[in-house]
Structures are given as structure tokens and as C-alpha cells.
Amino acid sequence: MEEENKIAFESRISLEKVQENYEQIKTELRKVIVGQDRIIDLLFVSILANGHVLLEGVPGVAKTLLIKSISKTLGVDFSRIQFTPDLMPSDILGTSIFAKEKEQFVFKKGPIFSNTILIDEINRAPAKTQAALFEVMEEGQITIDGKRYGMEFPFFVLATQNPVDHEGTYRLPEAQMDRFLFKLIMGYPSLEDEIHILNLANEENNKKRIEDIQSILSSKDIQELQNLVSEVVIEQNLLEYIAKIIQNTRENPNLFLGASPRASKALLASAKAWALLQGRDFVTPEDIKYLAPAILEHRIHLTPEREMEGMENSQVIALILDSIEVPR
């Protein structure tokens with residue numbers, strides 16, 4: 001009997017590595033970032049769930065700084081692409097150039113060929129350039145001159161956008177928005193956090209503190225953590241709970257566009273990742289309810305009547321979650 005218990009125990013998921021890695025990452029991020037605990041949690045969830053993130057907030061709330069900082073904790077390649085109205089697809093994907101010494105055209109890879117890619121102000125580039133991201137975000141590859149080029153693991157796109165300044169911007173199409181695992185809204189800091197920010201700024205410059213951030217995870221570590229996510233247990237009634245939430249968005253009278261099956265799979269993967277961060281090897285209904293707003297925020301659209309009334313997506317999501325019985 002003792003031997004059987006030992007085998008059962010050894011077959012369970014090892015959660016210590018996840019907890020240890022995440023505490024180390026948060027310690028490094030606190031050198032630069034003040035507050036924003038929920039945003040940091042969900043960014044790490046996106047890494048475990050192998051998903052891309054859209055970070056939205058007004059200018060000056062440290063969106064770019066946060067992404068640069070969390071990227072630095074990953075011991076993988078990093079690139080930054082500043083989207084502008086004159087940016088062309090070849091500027092991010094790469095282009096074929098004539099190599100005189102070889103007397104043939106060779107493909108020169110663009111900055112998208114990296115592991116973590118910060119796309120600053122993604123809604124600044126025209127639709128043609130935004131569309132160039134479709135294949136690479138969904139399939140981790142691009143096709144140039146009929147030849148496919150795959151991205152190396154890991155591959156994360158972390159994009160920012162400003163919701164206030166609309167001059168010279170191009171609204172992201174629904175097809176591209178759906179390729180982001182989360183849309184996270186980064187708000188203003190609290191009074192206490194702002195005082196802390198001022199104290200840090202008064203003591204030393206930001207650039208020096210970013211350089212002090214240490215890499216915590218390697219490519220191999222990230223792969224191992226993602227493998228752990230797939231081993232997290234979720235019961236059938238919770239799978240049905242996820243399906244009911246997504247189905248409700250398609251039938252809800254407040255919405256003219258609901259969430260796709262990609263949203264169901266995103267909610268499943270992120271719920272498993274969040275369970276790991278909570279020190280569990282199983283998903284609970286609370287995990288699903290906590291993550292649903294970040295999954296659905298950018299995937300649903302209000303009817304014109306509700307928009308005119310001033311209703312917001314977050315209110316509809318809250319109504320949906322309250323209307324569906326939570327399995328126990």
C-alpha cells in the first residue's frame with residue numbers, strides 16, 4: 001500500500017518550479033514596475049498558455065516599460081517594432097535582396113523573427129501591415145515568395161495601443177483582435193503607487209533599473225512550464241461551463257457579435273495556466289470567472305443601441321457570468 005501511495009504522489013504535477021519561477025520574476029519586475037499586479041499575473045499566464053497579449057492604456061502608464069521588463073526576465077531574444085503610418089509589411093517580415101557574391105536573391109529576416117516581440121502602438125500602422133501579422137501570430141510562420149519561414153520557440157507578440165488618441169490610427173479588424181489571448185486594460189496607479197513611482201524616479205534613473213533585471217526563464221524552462229499546463233485537470237462540467245459562457249455571447253441581445261470557438265480554447269488554456277499559478281493542478285469555476293473578462297473584452301461587440309446608451313463590454317460580460325449557474 002505504501003508503494004502504491006508513493007507512485008501516486010510521484011505522478012502528480014510538480015508545482016514548486018512554477019511558484020519559484022514566478023516569485024523570482026515578480027521580484028525582478030518590482031525593480032521597475034510599481035503595482036499592476038493583475039496585469040503582471042495575466043502576462044505570465046499568457047506565457048504559460050502560449051498566447052499573445054494586447055495591452056491598452058493611456059500614454060504614460062508604463063505599458064512599453066512593463067513589456068520590456070517582463071521580456072527581460074525571459075532569457076530569449078527580444079525585438080521592438082514601432083508601428084507608424086508609413087510602415088510596410090516588409091519592414092517587419094523581411095525582404096529578398098540580391099546578394100552580389102552569390103548572384104541570387106536571399107531572404108533577409110525582419111524584426112518579427114525573434115522570441116518576444118514588442119509592437120508599440122499597433123493601431124498606428126495601416127491595414128496592409130496589420131494583415132501581415134495574421135499568419136505569423138496564428139501559425140508562427142510567414143510565407144515570402146512562396147517559401148515558408150517558421151518562428152523559433154518561444155514566440156510571443158506583446159502589443160500596445162492608446163485608446164484615447166485616434167488621429168493617424170487604424171482600427172484593428174476583428175480577425176486580428178481574435179488572435180490575442182488577452183486584451184488587458186492598464187489604468188492609472190493609485191496615490192500610494194504614484195508616490196512610490198516618484199521616490200524611485202528621484203533615487204535613480206529607469207534605464208539603470210531595467211539593466212539590473214535578471215533573466216529567470218530559458219526557452220527550455222518555458223517549454224517545461226507549458227507542458228505542465230497541459231497536465232492540469234479540468235472536469236467535464238467546467239468544460240460545459242466554458243461552452244455556456246461563450247454560447248451566451250452569441251445569443252445575448254446586447255451583442256451583435258459574440259465570441260468564436262477560439263475564445264473557448266483560450267479560456268480553457270488560460271484557466272489551466274492560472275490554476276498552476278495558484279498552486280493547484282486542477283481548474284475551479286473561480287479560475288474561469290476571473291479570466292473570462294480578459295478573454296472576452298476584445299472578442300464581443302455591442303449592438304448600436306447599447307453603445308448609444310453608454311453600456312460597456314465589461315458590463316455585458318458581468319451580466320453573462322451572473323446569469324449562468326456556476327457548477328459545484
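**A parallel sheet and its surrounding helices**

Five strands form an open sheet in the order β2-β5-β8-β1-β9, and their pairing is parallel. The edges of this sheet are occupied by β2 (78-82) and β9 (180-185), each of which pairs on one side only. From one strand to the next, the twist averages 15°. The model described here is predicted.

At one edge of the sheet, β2 is joined to strand β5 (residues 116-120) by five bridges in the parallel sense. Within this pairing, Arg80 has Leu118 of β5 as its bridge partner. In general, the strands of a sheet pair through backbone hydrogen bonds, in either a parallel or an antiparallel arrangement. Helix α4 (residues 63-72) packs on the sheet and touches β1 (52-56), β2, β5 and β8 (156-161). The direction of α4 makes about 165° with that of β8.

Helix α4 is also among the elements against which the buried residues of helix α2 pack, the others being α3 (37-48), α11 (219-231) and α13 (261-277). Helix α2 comprises 14 residues (residues 16-29); at 1.5 Å a residue these should span 20 Å, and the end C-alpha atoms are indeed 20 Å apart, in agreement with that expectation. The buried residues of α2 are Val18, Asn21, Tyr22, Ile25, Lys26, Glu28 and Leu29. These residues cover an arc of only 160° around the axis, and therefore lie on the same side of α2. An α-helix has 3.6 residues a turn, so residues three or four places apart point the same way.

An antiparallel pairing is found between strand β6 (residues 141-144) and strand β7 (residues 147-150), which are joined by four bridges. Gln141 has Gly150 of β7 as its bridge partner. The hairpin of β6 and β7 has two residues between the strands, and Asp145 adopts a positive phi near 50° in this hairpin.

Further along the chain, Asn313 is located in helix α16 (residues 313-323). Asn313 counts as buried because its relative accessibility is 15%, the limit for this class being under 20%. When residues up to four places away in sequence are not counted, Asn313 touches Glu297, Ile300 and Leu302. The C-alpha atom of Asn313 is separated by 7.2 Å from that of His301, although the two residues are twelve residues apart along the chain.

Note on methods:
Residues numbered from 1 in each chain as written. Predicted model: local features only at pLDDT ≥ 70, side-chain atom pairs only at ≥ 80, totals over all residues. Heavy atoms only, no water. Pairing = 2+ DSSP bridges. Axes fitted to C-alpha atoms, helices over the stretch in contact; angles between N-to-C directions. Contact = heavy atoms within 4.5 Å. Expected span 1.5 Å × (residues − 1). Buried < 20%, exposed > 50% of the residue type's maximum accessible area, 1.4 Å probe, protein only. Arc of directions from axis to C-beta.
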